[in-house]
Amino acid sequence: MNKKTVILGTGGTIAGTGAAGGHAYTAAQLTTEELVRGIPGLAQAAGGDLVIEEVARIDSKDMDHAVWRRLAQRCAVHLADSRVGGIVITHGTDTIEETAWLLHELLPADKPVVLTCAMRPATALVPDGPQNLLDAVLLASHPEARGVMVCALGSIFDPCDVSKVHPQRLNAFASLDGGPLGWVEAGQVRWAHAVPPSAATARHGALLHAPAFTDGAWPRVEIALSHAGCDGALVDSMVASGVRGIVVAATGNGTLHHALEAALERAADAGVAVRVASRCPLGRMAAITGQPWRDAGGLSPVKARISLMLELVAA
Ligand code: SIN
């Protein structure tokens, strides 16, 4: 029996509208139902029934922990349903990499969860959303697809590596050092390697039903940037206002402005968890000698923030 594909809408430019053919638009205007109805052949691409559900309708710059929690919980419910084969999430491009990483950290990886988006609104002369959604549905119903992925402009990206790298271009995403996992071309999935990617087990899967995750606010984790002319005032005020964790976006191989480093030492002494990520978009820091804090394992600062926050929820 063919399995159902679930489409969970969250908003974004893919659901954005403006004057027909114009550049100006407002994100997150169409309902998920309207978005899906506008694309012929979607149910056929899924090879079975489509289930459509709207989790939120927001510009993803405004993504917050309440929407993340609801989205993760709805994904978990659908993934546990044996009649569901995979999930597609429509999302804004601006924070899609963060949501993808959060879900990768939380969800079981035995079925595909494909996030997709668009750089142009639905009312553009040539919108990219319909093809992206069609590709995402194809991918989510592919028998070899597993785990969380981002699918945009025909490329399939790993949630660990993917970043938005351009504010305008249609091909706004890149996997930086990693390269895409594969492509969707002429209605077919082509993996980059002979063996399709196997998704790792979620590191924080057990959290989904934990009261610390389901109830109340998640611990506050902020990002501090090491830059020329830096001082530690921002870190001191974060600590004074009750931050629980700080990811520092360090220069190069994890180096820090001495004034910021001193402030981070004060933060750590006050019980704040500190992680070091690099500002460099490519590569990975080599072991940092003489620094007391854990590095972020090659994650970008925004993804390291999510991982640290989940660690603190789990603690
Ligand atoms: C958003 O991230 O929701 C707006 C921008 C976009 O989707 O391209």
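**Two domains and the surface between them**

Colleague: Happy to look at this with you. How far apart do the C-alpha centres of domain 1 and domain 2 lie?

Modeller: This is a predicted model, where local features need pLDDT of at least 70, side-chain atom pairs count only at pLDDT 80 or more, and totals for chains, interfaces and linings use all residues. Residues are numbered from 1 along each chain as its sequence is written, and side-chain values use heavy atoms, with hydrogens and water left out. The assignment gives domain 1 (4-191) and domain 2 (219-314), with bounds from an automatic or database domain assignment. Their C-alpha centres are separated by 30 Å.

Colleague: Thanks! How much area do domain 1 and domain 2 bury between them?

Modeller: In contact terms (heavy atoms within 4.5 Å), 14 residues of domain 1 meet eleven residues of domain 2. Buried area is the accessible area (1.4 Å probe) that two parts lose on being put together, summed over both. Carbon and sulfur atoms carry 66% of the total, which is about 1,100 Å².

Colleague: And how many residue pairs are in polar contact across that interface?

Modeller: Salt bridges, meaning a side-chain nitrogen of Lys or Arg within 4 Å of a carboxyl oxygen of Asp or Glu, number zero between the domains. A polar contact is a pair of N or O atoms within 3.5 Å; within protein, one must be able to donate a hydrogen and the other to accept it, and residues adjacent in sequence count only if both atoms are side-chain atoms. Across the interface of domain 1 and domain 2, with both residues at pLDDT 80 or more, the count of such pairs is seven.

Colleague: Which element gives the most to the side of domain 1 that touches domain 2?

Modeller: Helices (H or I, at least four residues) and strands (E, at least two) are DSSP runs, numbered from the N terminus. Two or more residues on that side come from each of α3 (65-79) and α4 (96-106). With six residues, the top contributor is α4.

Colleague: Nice. How many of the eleven residues of α4 are buried?

Modeller: Buried means under 20% relative accessible area, exposed over 50%, and partly exposed in between (1.4 Å probe, protein chains only). Among the buried residues of α4 are W101, L102 and L103. The helix is largely enclosed by the rest of the structure because its buried residues number ten.

Colleague: Last one: is T13 buried or exposed?

Modeller: T13 is found in the loop between β1 (4-11) and β2 (17-18). Leaving out residues up to four places away in sequence, its contacts include Y25, G92 and R120. Its relative accessible area is 9%, so T13 is buried.
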